[in-house]
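Thank you all for coming; please take a moment with the sequence and the model on the screen, and then I will walk you through some parts of it.

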Amino acid sequence: MGLGKRREKPWQGRIASQLAGCPAEAQAHAQLSCALEKRTAGSSAFQAEYRQKRRALAFSTGQTIARQKLPLLLPGRLNARCCCFAVVSPPVAWKKNRKNNKNFPEQQSSRALPKPKSYFLWTRESISGAGTRSGNQEQDQDQDQTDPNRANVASNEANTSAAGSGPESAALFSKLRSFSIGSGPNSPQRVVSNLRGFLTHRLSNITPSDTGWKDSILSIPKKWLSTAESVDEFGFPDTLPKVPVPALDETMADYIRALEPITTPAQLERTKELIRQFTAPQGLGPRLHQYLLDKREAEDNWAYYYWLNEMYMNIRIPLPINSNPGMVFPPRRFKTVHDVAHFAARLLDGILSHREMLDSGELPLERAASREKNQPLCMAQYYRLLGSCRRPGVEQDSQFLPSRERVNDEDRHVVVICRNQMYCVVLQANDRGKLSESEIASQILYVLSDAPCLPAKPAPVGLLTAEPRSRWARDREMLQQDERNQRNLELIETAQVVLCLDEPLAGNFNARGFTGATPTVHRAGDRDETNMAHEMIHGGGSEYNSGNRWFDKTMQLIICTDGTWGLCYEHSCSEGIAVVQLLEKIYKNIEDHPAEDNGLPQHHLPPPERLEWHVNQPLQLRFGQASQSVDKCIDDLDFYVYRYQSYGKTFIKSCQVSPDVYIQLALQLAHYKLYGHLVATYESASTRRFLHGRVDCIRAASTEALEWAKAMCQGEGANVALESDREEEEESRKVKFSIYSKDHLRELFRCAVARQTEVMVKNILGNGIDIPLLGLREASIEVTGEMHELFKDESYNISQCFLLSTSQVACSTDSFMGYGPVTPRGYGCSYNPQPEQIVFCVSAFYSCEDTSASRYAKSLQDSLDIMRDLLQN
């Protein structure tokens with residue numbers, strides 16, 4: 001009869017047809033498995049013969065069978081049907097494949113399971129497409145560096161896209177669309193469940209002598225189910241990822257690139273040698289890096305307290321100007337004191353409504369608008385805005401943070417300060433519920449009428465909060481020696497916000513302008529926008545409103561009787577975006593729903609409690625010293641609000657450049673035009689994609705930006721000595737010829753844009769350099785007891801001295817936020833790009849002879865002008 005005449009079984013015929021056209025590797029593996037099907041899967045004889053035939057097949061086919069991709073100890077019948085299941089994309093990626101791949105058809109109503117051939121063909125396509133990637137995967141590449149699990153998904157997406165061409169694939173996807181792959185009932189867990197059910201149903205009639213294989217194959221979906229995270233409607237995990245710890249070599253390479261434009265060759269070479277020693281296999285670097293990796297596993301956010309202490313808690317200089325930003329909103333028109341009370345009441349009512357939303361858990365989840373679009377963002381800082389406060393310490397400050405859940409007997413109150421007098425206004429109490437707007441207005445009106453009539457001039461206790469932190473900590477300890485003072489401090493710290501009712505500053509609180517500057521847009525009487533910003537940042541000094549503050553409080557709402565209003569906020573609890581969004585939401589609601597002026601109704605409410613302070617003689621002396629210290633700091637602040645009105649982000653986007661990247665390069669060019677070199681530049685980059693993420697530093701001073709700035713200046717020397725605004729002197733310094741062509745300048749600009757964009761993306765995806773460097777520095781102290789030499793290096797100190805501190809504060813209203821420099825020799829510059837203009841808040845210190853806010857603004861105007869001329873055609 002012949003050995004080859006054994007009757008072929010039906011399933012073997014189906015296998016043969018399915019193997020046609022498959023890779024040789026899959027065919028060889030299936031043939032090997034069929035040849036061994038009479039062996040017991042778990043026996044040693046099976047395994048020995050399997051290995052021997054595997055080597056023989058590998059030699060005969062010239063290919064190595066991938067152990068990781070094909071199951072090894074399964075009988076032939078199972079291998080023939082399921083040998084490629086192990087390389088099917090994980091279920092969590094199926095929904096994103098359908099969402100991102102335009103070739104993926106919409107889901108049909110039929111829920112029939114696909115035939116085995118459909119599974120096999122899809123798997124075969126996945127194998128043949130391995131290693132390919134579609135051309136539009138830039139965002140996935142960015143994410144690959146951040147999260148290995150997401151990297152696998154991105155790779156699978158690319159493979160599916162690469163394999164999803166041709167009629168065979170189109171027919172295959174038409175069959176696959178009936179399989180449950182959507183959200184809700186089509187979640188990844190349902191996909192795994194359906195897959196398991198399919199395997200159970202199709203394989204239930206196969207009964208080999210040893211049933212261990214059945215448990216093995218059915219454990220595959222169990223494993224997938226146990227590792228698959230719960231995902232939201234956009235396919236992202238429900239739980240935020242932890243802040244990553246970038247690879248040590250990558251961090252050091254980026255650190256060297258950041259040093260190149262701001263250090264000398266000798267300084268850079270010394271740093272490179274220190275890095276070689278630090279990163280050597282026997283060096284301290286790998287040990288510290290592993291320490292951070294272990295810390296990441298043990299904590300929700302390994303970097304949070306390193307960063308918080310470095311940025312805020314350990315800083316000993318005063319909060320106003322140096323740390324607390326001030327924000328100016330479009331001024332109001334108050335005709336009477338009743339208008340002031342009504343407006344204040346509407347703001348406080350909005351604050352209380354927001355508090356109720358936080359308590360109920362109804363705060364909407366924000367998502368990323370780009371780079372892994374719709375990725376969830378951490379909302380923790382939004383819950384720290386109301387009811388929080390910073391506390392001074394002699395060595396280190398601390399924070400008072402509110403509880404996420406309201407205690408049943410807890411009242412909601414605010415502290416109102418008027419003419420240095422402090423009042424506690426209860427907005428919501430258990431015995432009478434929530435106050436209406438008119439009731440709040442009556443309480444505010446009482447404060448406005450009571451404070452000016454008190455016979456004794458109050459002690460300016462709030463002025464002490466503007467002192468250096470260690471000095472204020474000792475003053476606070478003296479205050480706490482009295483029980484009434486302790487209660488006052490508790491009321492202030494637990495208040496939802498502090499409301500400051502101010503008197504107007506004099507009209508001469510203005511920075512020096514320059515010829516040709518655009519006029520101010522907002523005015524309150526004879527006060528311009530720069531004047532208003534001074535009031536929000538520091539209050540104007542001891543003779544004005546600096547004692548009418550509590551600078552430790554996270555949010556201080558400020559309303560002036562001439563219509564100027566805004567806020568000053570303590571920065572450690574939250575970034576600016578949370579503050580801006582809250583106040584803009586309240587402001588827009590007030591604008592959209594103007595209240596009818598029906599007079600001020602009378603209410604039979606108990607008047608607000610006035611906080612009385614008991615101050616001893618040493619503290620009395622401290623008030624005089626504090627007044628001198630605060631006034632000196634305020635007199636030194638050179639601040640200027642500048643509106644560039646030639647164009648805004650509409651034109652910038654037409655140049656196919658990110659407005660933020662464009663403005664950052666303009667800031668670099670403006671500095672180079674003045675000084676002939678670049679300096680360490682800080683721009684905050686949100687890391688809210690991660691659990692408890694705050695910010696890292698985008699370093700805009702790059703080698704590419706330096707080369708472009710040099711070319712744009714056409715060999716012109718530094719302009720730092722220029723102090724006057726005389727046009728003829730300016731004209732004499734301008735170069736009248738062009739060294740480089742516009743095409744060359746545009747090419748250099750594109751290189752600078754690409755580098756700035758790369759740094760920005762790395763930071764928002766958790767791969768910046770400043771947080772990892774800070775972690776390594778602190779780890780060296782914790783592990784060895786001292787700071788490594790790398791962090792004592794001159795280059796490191798240069799890199800940490802940010803002579804240009806910048807931040808984008810985008811507002812949907814015509815508002816702006818500003819702050820002081822972070823170093824005595826530097827500049828602070830926030831910016832708000834609007835469609836047809838850009839609002840800058842530039843700051844410097846008069847005590848530094850080399851800096852001038854108005855002169856930098858003028859250089860910024862020139863830079864933006866020549867950038868427009870370069871790119872507009």
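**Two helices, two cores and a loop**

I will begin with helices α24 and α30, which are oblique to each other, where oblique is the word for angles that are not under 35 degrees (roughly parallel), over 145 (roughly antiparallel) or 65 to 115 (roughly perpendicular). Please keep in mind that this is a predicted model, in which local features need pLDDT of at least 70 and side-chain atom pairs count only at pLDDT 80 or more, while totals for chains, interfaces and linings use all residues. Residues are numbered from 1 along each chain as its sequence is written, and side-chain values use heavy atoms, with hydrogens and water left out.

Helices here are DSSP runs of H or I with at least four residues, and strands are runs of E with at least two, numbered from the N terminus. The axes of α24 and α30 (residues 853–871) come within 8 Å and cross at roughly 120 degrees, the axes being lines fitted to C-alpha atoms over the stretch in contact, with angles running from 0 to 180 degrees between N-to-C directions. Among the residues that make this contact are Tyr662, Leu667 and His671 of α24, together with Tyr856, Leu860 and Met867 of α30, where contact means heavy atoms within 4.5 Å.

Which helix gives the most to the largest nonpolar core? That is α24, residues 659–675, with 11 residues. The core itself has 97 residues, and those with the most contacts inside it include Met252, Tyr662, Leu667 and Trp708; such a core is a set of buried Ala, Val, Leu, Ile, Met, Phe, Trp, Tyr and Cys residues joined through side-chain atoms within 4.5 Å. Buried means under 20% relative accessible area, exposed over 50%, and partly exposed in between, with a 1.4 Å probe and protein chains only. Not counting residues up to four places away in sequence, Met252 touches Ile275, Phe278, Thr279, Leu773, Leu776 and Leu790. A second, separate core of 54 residues includes Phe343, Leu385, Ala578 and Leu583.

Let me turn finally to the loop between β4 (412–418) and β5 (421–429), where we find Arg419. Arg419 has a positive phi of about 55 degrees although it is not a glycine, and at 43% relative accessibility it counts as partly exposed. Asn420 lies in the loop between β4 and β5 as well, with a positive phi near 70 degrees, and at 17% relative accessibility Asn420 counts as buried.
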